[in-house]
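Subject: Structure handover

Hello,

Here is the structure we talked about. Please open it alongside this note; the findings follow below.

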Amino acid sequence: MIDTPYLEVDVDRLDRNLATLAGAARNVGVDVRPHAKTHKCAEIARLQVDHGAVGLTVATIGEAEAFADASDATGCTDIFIAYPLWPNAVQASRLRALAERVNLRVGVDSLAGARHLARSLGTAGLQVLVEVDSGQHRTGVAPELAGSVAEAGVAAGLDVIGVFTFPGHSYGLGDTRRAAAEQEVAALATAAAGLRANGVDPRVRSGGSTPTVGFLDAGHADVLTEIRPGVYPFNDAQQVEIGSCGFDEVALTAVATVVRRDAHRIVLDAGSKILGADRAPWATGYGRLLDHHDARIVMLSEHHAVVEFPAESPDEDIPGIGSFVRVVPNHVCNAVNLVDELVAIDGSDTRWPVIARGRNS
């Protein structure tokens with residue numbers, strides 16, 4: 001018996017998700033470099049490598065260090081920090097040390113960033129990709145300016161190998177995902193042409209989020225060389241609501257106990273400290289129940305989730321006090337970062353440490 005709440009991984013579903021994405025990428029002709037900030041777990045990275053991943057993507061230097069430390073377990077020594085880094089002296093030292101241990105890639109998205117990176121790292125043997133904005137308007141240079149950033153990086157001594165983007169605006173309803181996928185490919189094509197015009201070979205053209213990879217086709221391989229989806233091993237309530245997966249493809253849930261029931265409302269012992277507190281404006285609740293699709297989490301506090309069922313729900317379909325339920329977090333990346341381990345349901349309830357938890361810098 002495991003005390004609730006805890007995060008549980010359905011290993012069979014996890015493996016199916018990995019195999020499906022790997023097969024789709026092979027059919028299109030692109031590499032997979034999954035974003036490990038979602039799972040932060042050496043065991044899952046190993047499974048991704050076993051399914052053909054060419055390397056890992058991370059968000060921070062700390063995450064890169066954690067997976068470099070675990071390279072014997074994962075079989076991976078190729079890591080991309082997909083972030084426009086502006087390293088201070090200590091961070092530059094950490095990057096140089098990493099570049100001696102693994103094949104390291106990092107991002108830049110400005111002329112100043114490229115020059116600062118070159119000054120900070122000197123002759124460190126790492127590779128650089130220019131980040132371009134494909135529509136999210138967070139980080140990334142305008143696609144038509146990517147060539148000038150790449151040229152500045154090369155002039156400063158950087159090994160610029162290509163371009164990357166994150167279509168984060170793909171999270172939405174209706175045609176949002178498809179439109180973002182088209183913008184992603186168009187932005188990378190424009191950026192790659194800009195690099196060529198400035199004498200830089202964009203041999204890596206990296207994109208792909210979990211919401212957009214379903215729209216890839218063979219024609220996109222002329223632009224994309226790799227994709228970096230993160231959420232796809234687990235999926236979550238956001239992916240269900242935007243239509244990029246179904247409930248039968250959700251591989252991670254928070255197992256919770258019903259501690260109170262009043263008619264069509266129940267209260268769980270799983271709050272924001274296990275589920276995370278994310279709720280997009282279009283989301284229908286603070287999470288979903290894997291086995292009760294019509295229910296919604298309508299209120300969330302640190303250690304409580306209030307769940308409402310439709311008024312017409314039969315009494316026997318509503319879990320009673322003391323029952324266990326499986327909750328699908330809205331944003332699985334945040335949920336994983338809140339725990340020390342995942343309970344892998346593989347016949348023996350194996351514990352998988354979350355090795356990159358809290359490695360935020």
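**Salt bridges**

Asp10 is partly exposed, with a relative accessible area of 25%. Its partner is Arg13: the two side chains meet in a salt bridge at 3.8 Å, N to O. Arg13 is buried, at a relative accessible area of 19%. The cut-off for buried is under 20%, so Arg13 at 19% falls on the buried side. Please keep in mind that this is a predicted model.

The structure holds 18 salt bridges in total. A second one worth opening is Arg94 with Glu65, at 2.9 Å from N to O. This pair links distant parts of the chain. Arg94 sits in helix H5 (residues 89-101), Glu65 in helix H3 (residues 61-69), and 29 residues separate them. Glu65 counts as buried, with 15% relative accessibility. Arg94 counts as partly exposed, with 21%.

A third pair is Asp262 and Arg260, whose side chains meet at 2.7 Å, N to O. Both partners are partly exposed: Asp262 has a relative accessible area of 36%, and Arg260 has 47%. There is also a network. Arg33, Asp78, Arg105 and Glu226 are joined into one by salt bridges that share partners.

**Strands E10, E11 and E14**

Strand E10 covers residues 252-262, and strand E11 covers residues 265-268. They run antiparallel and are joined by four bridges. Within that pairing, Arg261 has Ile266 of E11 as its bridge partner. The hairpin of E10 and E11 has two residues between the strands. Ala263 takes a positive phi there, near 55°.

E11 also pairs with strand E14 (residues 305-308). The sense is again antiparallel, over four bridges. Here the bridge partner of Ile266 is Val307 in E14. Ile266 therefore has a bridge partner in each pairing: Arg261 and Val307, with pairing counted from at least two bridges between strands.

**Helix H7**

Which residues of helix H7 are buried? H7 spans residues 146-155, and its buried residues are Ala146, Gly147, Val149, Ala150, Ala152 and Gly153. Several elements contribute to their cover. Among them are three strands: E5 (103-108), E6 (127-131) and E7 (159-164). Helices H6 (111-121) and H8 (176-197) are also included. Just after H7, Gly157 takes a positive phi of about 105°.

**Nonpolar cores**

In soluble globular proteins, nonpolar side chains tend to be buried together. Here the largest nonpolar core has 93 residues. Which of its residues touch the most other members? They are Leu268 and Leu342. Helix H1 (residues 11-28) gives the largest share of this core, with six residues.

Leu342 is a good place to start looking. Leaving out residues up to four places away in sequence, Leu342 touches Leu7, Val9, Ile44, Phe234 and Leu252, among others. The list also includes Val336, Thr350, Arg351, Trp352 and Val354.

There is a second, separate core of seven residues. Ala237, Val240, Cys245 and Val328 are included in it.

Best wishes

Technical notes: Residues numbered from 1 in each chain as written. Predicted model: local features only at pLDDT ≥ 70, side-chain atom pairs only at ≥ 80, totals over all residues. Heavy atoms only, no water. Salt bridge = Lys/Arg side-chain N within 4 Å of Asp/Glu carboxyl O. Buried < 20%, exposed > 50% of the residue type's maximum accessible area, 1.4 Å probe, protein only. Contact = heavy atoms within 4.5 Å. Core = buried A, V, L, I, M, F, W, Y, C linked by side-chain atoms within 4.5 Å.
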